[in-house]
Amino acid sequence: MSIASAPIRGLQEVARDPRSWWRRSKGSVELWANLIVLGWALVFMLWRGGGFAVTVGSVFAIWAVLAVSLNLVVGYTGLLSVGHIGFFGIGAYAMAVLTSSASYEQLRTEAIPTFGWPFFAALPISVVLAGLVALVVGIAFNRFRDDIYVLVSFGFAVIAFTTFLSWRSLTRGAFGIHQVARPAIGPLVFDGELEFLALLLVFLGLAVLISWLIVTSSFGRVLTAIREDEEAIEVFGYRTTHYKLAIWVISAMMAGLAGALLASWSTFIDPNSFVLLESVLLVSIVILGGLASIWGSLLGALAFVMLEEGMRFVPFLPSEFIGQIRQVILGILLVLLMLFRPQGLVGRFKL
Amino acid sequence: MSTEVDPRVYVLETRDVSKSFGAVKAIDQLSISILREWITCIVGPNGSGKSTLINLLSGLLPLDGGIVVVDNVGLRVVKAHDSPDHGITRTFQEVRLFDQISVWDNIMVVLTERRVFPALLERTKPDHKVEAERILKSVGMWEKRDAMAQDLSYGQRKLLEIGRAMAMDVQIYLFDEPFAGLFPRMLEQVKSILKEMREQERSIVFVSHNMDIVRELSDHLFVLDSGALLAAGEVEEVLGRSTVIDAYLGN
């Protein structure tokens, strides 16, 4: 039934009758998108070795949690939000403020209160805080849709970024927060990159599982109906405002989780990670991978991360341009995609 | 005088209902009564307020004035999401399906849990599946169940929308031009669906411009003109009135 189970069904088909499967699928964009992105990632990791794979894998996992969460709102419910980075930031700052143990007197910069909480105590707070903010914002947003929704969510992203930058007694503004705690379970501290990757993948798995359970439930089907015609589904007895609010909060909590993971993974955060541009990139990932497809979001996040890492090895390309060129390429890809494949790499639904 | 109780029970009434769009009075102090378990037809020239009336009854538009009476309860405000609780469902003049989901899901979505949290926990239930299969077979769309709604032909979309309304299993069905643009075979199909629903003791209101179908199906007829009631009563008698003929030929 669901798009999430498509890869599994696909594999079963391959196993049953590989020849006829190949005849039928060799022209499929979906297949080639999967092969190219996964193959590219695999080749790079083999070539660059373990350390590279672990770092790229961690960045991928964080983006993937974000993309999967945003897809619930944009792809399944049809609310084009470009403000998701705000919830990502709230999660990250909650984690950073609560767990940082830096002594700022030594750094001779502005001091903020340090709580020094452990990671696993701060994690639920980060997630819930993002959810609470989403609840308030969502109630205000519920009256909007379509293009107006893009604008108000844009406004939210700007407000969130400005808050991170200007609330200096809490966030230290542009100085950022140092020494965010790494997770620890008893004596087991996730301070190595590999251990952290394992933890990230567990959380990614959790996010995927929750999303899959949501989109395959009756609730998920109603979300797609809201996307298609909100007024019509209301006539059939659904209070669409409640549904939109619920998925908005759930999605924001997942983004908050991703933010908390980022803060702990990089152990330092500043407002630059939460600029509007990042939010636009995130929306691009979701559209690139495929709207209303969990697998698409995973693939989109992987393609995005590999695009950046891959370009480091393009000859004659000065490394300071990589970030910008990635955005240019992503922009071109999006334009091409909208022209020739509006449903994204593996999606079904067209924007 | 007969002591017999009037068997005609009103299932839905409007009392002095009004609706304006700017300076245009789309519905002007309209009072009509819809009979239980009958097929009621609403006719009238273009712009006479037929679709507006259906939109008001289903809560898609807010009332400017007057009340809607359902089950002897007068409502000043009809909310769209409450309309199934009032026993009302509808189809749209321009077919409004959930285009980019499957035919199957288009039916399933009106069968499942309404409340948010139970819906989050609800997986596809066997009795919902049985019901969806029954509906899809009765509108001849079972073979098309995996297709996306947007890939259906116009007639199939019209039928699927009627099927979606049937799946609601309520008392009152408002069909906005269910016959418009259908080929004869599907026309017959929709006609027999409506007749069958009447036998199952449902109350049906439909809008149509096809006078042959109006004569064949309706037990009761309302003629609207400029948002007001021009005539009401038994079909042949009403259609024979000179005022009605003038309203149609005059436009």
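Helix α1 of chain A, residues 6-16, contains A:G10. The model described here is predicted. A:G10 has a relative accessibility of 23%, which makes it partly exposed, since the buried class ends at 20% and the exposed class begins over 50%. Its C-alpha atom is separated by 9.7 Å from that of A:L31, a residue 21 places away along the chain.

**Helix pairs in chain A**

Two packed helices are described by the angle between their axes and the distance between the axes. Two pairs in chain A are treated in this way below.

In the pair formed by α3 (residues 29-48) and α4 (residues 50-76) of chain A, the axes come within 6 Å and cross at roughly 135 degrees. The two helices are therefore oblique to each other, because an angle has to be over 145 degrees to count as roughly antiparallel. On the α3(A) side the contact is made by A:F44, A:M45 and A:R48, and on the α4(A) side by A:G50, A:F52, A:A53 and A:V56. Sorted by class, these are 5 nonpolar, 1 polar and 1 charged residues.

The second pair consists of α5 (residues 84-99) and α13 (residues 240-266) of chain A, whose axes come within 6 Å and cross at roughly 50 degrees. At that angle α5(A) is oblique to α13(A). The crossing of α5(A) and α13(A) is right-handed. From α5(A), the residues in contact are A:H84, A:F87, A:F88, A:G91, A:A92, A:M95 and A:A96; they meet A:W248, A:S251, A:A252, A:A255, A:G256, A:A258, A:G259, A:A260, A:L262, A:A263 and A:S264 of α13(A). The class count for the contact of α5(A) with α13(A) is 12 nonpolar, 6 polar and no charged residues.

An α-helix has 3.6 residues a turn, so residues three or four places apart point the same way. The α5(A) contact list includes A:F88, A:A92 and A:A96.

**Two buried helix residues of chain A**

A:S126 belongs to helix α7 (residues 119-141) of chain A. Is A:S126 buried or exposed? With a relative accessibility of 0%, A:S126 counts as buried. Neighbours within four places in sequence aside, A:S126 is in contact with A:G91, A:A94, A:M95 and A:A260. Of these contacts, A:G91 and A:M95 also appear on the α5(A) side of the contact with α13(A), and A:A260 appears on the α13(A) side. The C-alpha atoms of A:S126 and A:A94 are 5.1 Å apart in space, although 32 residues separate the two in sequence.

A:I214 is part of helix α10 (residues 193-215) of chain A. A relative accessibility of 6% places A:I214 in the buried class. Which residues touch A:I214, leaving aside its neighbours within four places in sequence? They are A:F219, A:G220, A:I247, A:I250 and, from chain B, B:L120. The C-alpha atom of A:I214 is separated by 45 Å from that of A:P315, 101 residues apart along the chain.

**Positive phi values**

Most residues other than glycine have a negative phi, and most peptide bonds are trans. The table gives two residues of chain A that are not glycine and have a positive phi.

| Residue | Phi | Place in chain A | Relative accessibility |
|---|---|---|---|
| A:D146 | near 50 degrees | helix α8 (residues 146-166) | 51%, exposed |
| A:A292 | near 55 degrees | loop between α14 (276-289) and α15 (294-311) | 5%, buried |

A:D146 counts as exposed because its relative accessibility is 51%, whereas A:A292, at 5%, counts as buried.

**Chain B**

The domain assignment divides chain B into domain 1 (1-87 + 171-251) and domain 2 (95-169). Their C-alpha centres lie 26 Å apart. How many residues of domain 1 of chain B are in contact with domain 2 of chain B? There are 15 residues of domain 1 in contact with 14 residues of domain 2.

Helix α1 of chain B (residues 50-57) is largely enclosed by the rest of the structure, because 8 of its 8 residues are buried. The buried residues in α1(B) are B:K50, B:S51, B:T52, B:L53, B:I54, B:N55, B:L56 and B:L57. Just after α1(B) comes B:G59, with a positive phi of about 80 degrees.

Terms used:
Residues numbered from 1 in each chain as written. Chains lettered and ligands numbered in written order. Predicted model: local features only at pLDDT ≥ 70, side-chain atom pairs only at ≥ 80, totals over all residues. Heavy atoms only, no water. Axes fitted to C-alpha atoms, helices over the stretch in contact; angles between N-to-C directions. Helix = DSSP H or I, 4+ residues; strand = E, 2+ residues; numbered from the N terminus. Parallel < 35°, antiparallel > 145°, perpendicular 65-115°, else oblique. Left-handed = near helix turned anticlockwise from the far one by under 90°. Contact = heavy atoms within 4.5 Å. Nonpolar A, V, L, I, M, F, W, Y, C, P; charged D, E, K, R; others polar. Buried < 20%, exposed > 50% of the residue type's maximum accessible area, 1.4 Å probe, protein only. Domains from an automatic or database assignment.
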